[in-house]
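Thank you all for coming. Please take a moment to look over the sequence and the structure before I begin, and keep them in view while I talk.

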Amino acid sequence: MQINQIRKDTLGCHDKTFLNSAGASLMPKSVVQKQMEYLKLEEEFGGYHVASQQAAALNEFYIETAKLINCKPQNIAFATNATDAYAKALSSIPFKPGDSIITTDDDYISNQIAFLSLQKRLNLKIHRIKKLANQDLDLDHFLQLIKKHQPKLVAVTHIPSNSGLIQNVEEIGKICKQNGILYLVDACQSVGQLLVDTQKISCDFLTATGRKFLRGPRGTGFLYVSDNALSKGLAPLLLDMSGARWTTPNTYELGDDAKRFEIWERSCASVVGLTEAIRYANSIGMGNIEAYNRNLSSQLRNMLQQNSNLEILDKGHNLASIVTFHHRNVSLQALQEMLSKNNIYYSVSFKAGALIDFGEKNVDWAIRFSPHYFNTLTEMEVVTDLLSGITI
């Protein structure tokens, strides 16, 4: 990890302590440069002409993303965000009234709402896997749910947005594969901060965003679609000319690869920007990034735990670079004022976004720090000292 070069490449990290990569991270300057160069070409020659001339550069997106998550380029589809990718994956599954979905207590709020929407429209049944005392998913309970309900889909969020918990998506994947169950993984918070290997996870779908730990532009993301899902003919409910060919006035044929999940119109400059962000991460190595992040977030969490006025809310033996806490004596407003005054960038998670988890933890809000590999231990020490000095 060449931290000095990385920080030199990250223009936004020099005048602030930026701890919000789980929200929208700081882009490397090369990402912005690539986007601007592409937009300048569009300014001069128009979008259609530039897309034709830059076809090879645009195709690099599929190649770099496949390297990132260990798959083939034909398994990758561009999406405008992770929720867009997630909705397309869900819409491709031929649910029938009474079908079951198995998920977890810690799935992302938008996913939970999507499941409830399907429940309301199609009378689907939603079942959630219990957790063990150490916060790991109870795999015995999962097997019981499978045996009893024969689910059409299992859906798990790899890392919840509201805590540092890393869920055991690989073991869930093994069980789904053994039982022939479609498996959807939300990797919105894990892609870019951890090694994510689709072959080890054994998922049929995996969704990710560009703006978070990947350090790409907003309005970008991607969907992984397995060979198994493609061979079953799964495709989004609403297709366009990117995903299918109009063969006769009353028929169409699906595209062969994951691009059947794309729509034709997109921001090509954003595709180029996301490609550069992924290339940047690949060049450093996700193994290096994961090791650095695990060490940094662990040290931050340990330092915060020394403050008896703070309640660290991350539970589980396998924790990510999302650190959440609640102050026992100081109001949220006072904490926000102190952090803003000292140019600390962070997020706040509220109970409305994590009803089950925050209900169990008996909190209404949490400060969320999400350090990334451009941050330093010195920054973690400064933040910890600031929190130690705040008074009631």
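I will go through a pair of helices and then a sheet with a helix lying across it, and please keep in mind throughout that this is a predicted model.

Let me begin with helix α4, residues 55-69, and helix α11, residues 268-284, whose axes come within 9 Å and cross at roughly 35 degrees, with α4 passing α11 in a left-handed crossing. Which residues meet here? On the α4 side they are Leu58, Glu60, Phe61, Glu64, Thr65, Lys67 and Leu68, and these meet Cys268, Val271, Val272, Leu274, Thr275, Ile278, Arg279 and Asn282 in α11. Sorted by class, this contact has eight nonpolar, three polar and four charged residues.

Now to the sheet, which is an open one formed by four strands in the order β11-β12-β15-β14, with antiparallel pairing. Strands β11, residues 310-312, and β14, residues 347-350, stand at the edges with a single partner strand each, so one side of each is left without a neighbour in the sheet. From one strand to the next, the twist averages 35 degrees.

If we follow β14 to its partner, we find that four bridges join it to strand β15, residues 365-369, and that the two run antiparallel. To give one example to look for on the screen, Phe350 has Trp365 in β15 as its bridge partner.

Finally, what lies across β12, β14 and β15? That is helix α13, residues 332-341, which runs at about 20 degrees to β15.

Terms used. Residues numbered from 1 in each chain as written. Predicted model: local features only at pLDDT ≥ 70, side-chain atom pairs only at ≥ 80, totals over all residues. Heavy atoms only, no water. Axes fitted to C-alpha atoms, helices over the stretch in contact; angles between N-to-C directions. Left-handed = near helix turned anticlockwise from the far one by under 90°. Contact = heavy atoms within 4.5 Å. Nonpolar A, V, L, I, M, F, W, Y, C, P; charged D, E, K, R; others polar. Pairing = 2+ DSSP bridges.
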